[in-house]
Structures are given as structure tokens and as C-alpha cells.
Amino acid sequence: MRRREFITLLVGATALASGRARGQPAGLPRRIGFLGNSTAELEANLVGPFRKALRELGYAEGRDIVVEYRWAEGDYERFPALVNELIASGAEVIVTAGTPAAFAVKNATKSIPCVMVAVGNPVGTGLVASLGRPGGNLTGLTSIAPDLEGKRLALLREMVPSLSHFAVLWNPANAFHVGAVKGVEAAADALHMKMLSLPVHGSEQLDDAFAAILAERPGALVVLADRVFLHSRDRIMAFAGQQRLPGVYAYRELVEAGGLMSYGPNYAEMHASAAKFVDKILRGAKPADLPIEQPIKFELVINSRTAKALGIEVSPTLLALADEVIE
């Protein structure tokens, strides 16, 4: 074989191997499904980092990959149909956020890989066998850490030392919340605080929760991590502002919408990390063998404008702890 022919053959084989490393047939983009809990507009700050991370990994949308988006618009009952649409679209991997969306994929398919973002307790809720070796077709990132709800409540008490009664919004449709609300109750007992439990399955039940708050008059509001509440953040924060309710939330987006403070992982960074899981799976890795990642850093965000409007003087200790203060 001539040297030039050998080099040409070697280059072609290398290119073919590279394409096969991603599992990508020549000229055919890979299909990724993205199951959103809310709307494209309200989750743009999460989808953006995911798409950017894919680009940094060398994927060009339209050339190497096609991302199929489906949006539940805050209605978890739409998940099964949306998952079936993604399966029918030919998605090779499906990205989800939150526990209910992950369960929707788990219940629909045992073969298509699922990369979960910000699930609560994936082992305790039965999503996976273990964090180190998930088993099955699900892997990704969890947002939970020991005593996270207790830490949030302690921060709220430090912000409002006289607080003795608060309301908590939680979603019984979220398997993680069944245990999480017990954690809030245990923390409330330890701090000698009274808790008003307000189960909210969907945004249509928020008015009932607001009516209960008006009747009971708690001194603050706690909102657990759930995409129904993220989807309805403007409505919840408008009510909290009208009723002058300080609060602590799982998502910084609620603070940006006028809430007092949030404490939790950086969800934008978690969505960016999800792209790495997608890349590994497209290259041939099995989700069963990819350990689920846990957050190593939690961020405290405080809205000083809201604090001033509520007549709250934020202590120097909290200001020093804050990762960001919205002026």
C-alpha cells in the first residue's frame, strides 16, 4: 500500500471512530429530549447553561444534536404524555428536572437513559438503587443534603428572631416532599415553632393555600423545592409581598421575584453539569454505572430591598454568609 493511500485510510478510520465514539451515524444528529416543568421563557436561565455546556463539549445543535423540548407548564399530570412524545421523537436520552419528572420517565421506559437534574432523595423515593451505582436507566444530579430544610428554617429564624409561626408550601405529588415536610416539622419542633402545613398539588390550589394563610396569620412563609412553585413564583411572591410575609425559599428565582431569601444549590450549574452526563451516555456509557452527583456548595441569596420593605434589618452575620445580596 502506498504511503499516501495509508494516510488517507488512517484519517478516514479516525474520523469514523470519532463519530462512533459519540454513537453518531454519519450525517445524522443525535436526538436529546428535554422535559421542562414550566415554560421555555421561565426556564431559560436553566436551559441556557445546559445548551452552552453542550457547545463547550463540541456539540453543535442541528449538526451533531437536536434537542426536543417539551414543557409541562406547571402541570405534572402532563408528564406521561410529554414523555411519550419524546420517546416517539426518537430521543436517545431524556433530561429532566425534579423528582416527579424523573418518575414519569422511569414509569414510561426502562431502556432510554434519563439524566435527572435536581432530584430530591433519589434513593429514598425509589428512583435509583444507590447514589454510587444507580442501576436501571436513570442517573444525574441530586439537590438534597442532610438537614437542608432545617438549615433553611434556622436561617429564617436568624433573619426574624421573633418568629414563632410559619406556613410551608409543599406538593404531595412530589414523592420527595413526603419526607421533606417531615424534616421541616422536626426542625420546627427543635426551634419551638408552630408550622402550618399547606399541601398544594398544582397552581390551581394556591388560592386555597393563600386563604388558609389569611385565616391562620403565620408570620413567615417557607416554600419547598418544587417546579410548580417555581412556575408560579410571581404569583406566590406577589401574595407574600401584599401580606408582608418574610420567607425562605429553595430557588433564587423566588428571591429575584421579590422574596426575602433563598438557600440551595446552584441549579443553573447543575443543568450545565447535566450536559456532561448526556455526553458520556451518547459516547456509550450506561446510566446504571454513572454515579449520581451531590451538591458540594449551597448558596444564600438575600434581597435587601425586600428586607427594607418588611422593616427587617439584616444582621452582619447573615450579610457575611450571603453569596449574593440583591440591592
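The legends below accompany several close-up views of one predicted model. In this predicted model, local features need pLDDT of at least 70 and side-chain atom pairs count only at pLDDT 80 or more, while totals for chains, interfaces and linings use all residues. Residues are numbered from 1 along each chain as its sequence is written, and side-chain values use heavy atoms, with hydrogens and water left out.

**View 1. An open sheet of 5 parallel strands.** The strands, which like the helices are DSSP runs numbered from the N terminus (strands: E, at least two residues; helices: H or I, at least four), follow the order β2-β1-β3-β4-β5. Two strands are said to pair if DSSP finds at least two bridges between them. Because β2 (65-71) and β5 (138-142) stand at the edges with a single partner strand each, one side of each is left without a neighbour in the sheet. From one strand to the next the twist averages 20 degrees, where axes are lines fitted to C-alpha atoms (for helices over the stretch in contact) and angles run from 0 to 180 degrees between N-to-C directions.

**View 2. Strands β4 and β5, with helix α11 on the sheet.** Strand β4 (residues 114-119) runs parallel to β5 and is joined to it by 4 bridges, and V119 has T142 in β5 as its bridge partner. Helix α11 (residues 267-282) packs on this sheet and touches β1 (30-36), β2, β3 (93-97), β4 and β5, contact meaning heavy atoms within 4.5 Å. The direction of α11 makes about 160 degrees with that of β4.

**View 3. Strand β3 and its covered faces.** In a regular strand the side chains alternate between the two faces of the sheet. On one side of β3, V93, V95 and A97 are buried, and on the other side I94 and T96 are buried too, so that 5 of the 5 residues of β3 count as buried, a word that means under 20% relative accessible area with a 1.4 Å probe and protein chains only. Strand β3 pairs in the parallel sense with β1 over 4 bridges, and with β4 likewise over 4 bridges. T96 is the bridge partner of L35, and T96 also stands opposite M116 in β4.

**View 4. The second sheet described here, with 7 strands and mixed pairing.** This open sheet has the order β7-β6-β8-β9-β10-β11-β12, and its edge strands, β7 (194-199) and β12 (324-326), each pair on one side only. Strands β10 (residues 261-264) and β11 (residues 299-303) pair in the antiparallel sense over 4 bridges, with S262 matched to V301 in β11. Helix α5 lies across β6 (165-170), β8 (221-223), β9 (247-249), β10 and β11, at about 155 degrees to β10, whereas helix α7 (residues 206-216) touches β6, β7 and β8.

**View 5. The largest cavity, of about 150 Å³.** A cavity is a set of points, on a 1 Å grid over the protein atoms alone, where a 1.4 Å probe fits but cannot get out, and lining residues have an atom within 4 Å of a point; grid points are joined across faces, edges and corners, and the volume is the space filled by probe spheres set on the points. The lining has 21 residues, with A118, G120, S143, F176 and A225 nearest the centre, and its largest share, 3 residues, comes from α5.

Technical notes: 1 Å grid on protein atoms, 1.4 Å probe; cavity = no way out; pocket = protein on both sides within 12 Å on 5 of 7 lines; lining within 4 Å. Buried < 20%, exposed > 50% of the residue type's maximum accessible area, 1.4 Å probe, protein only.
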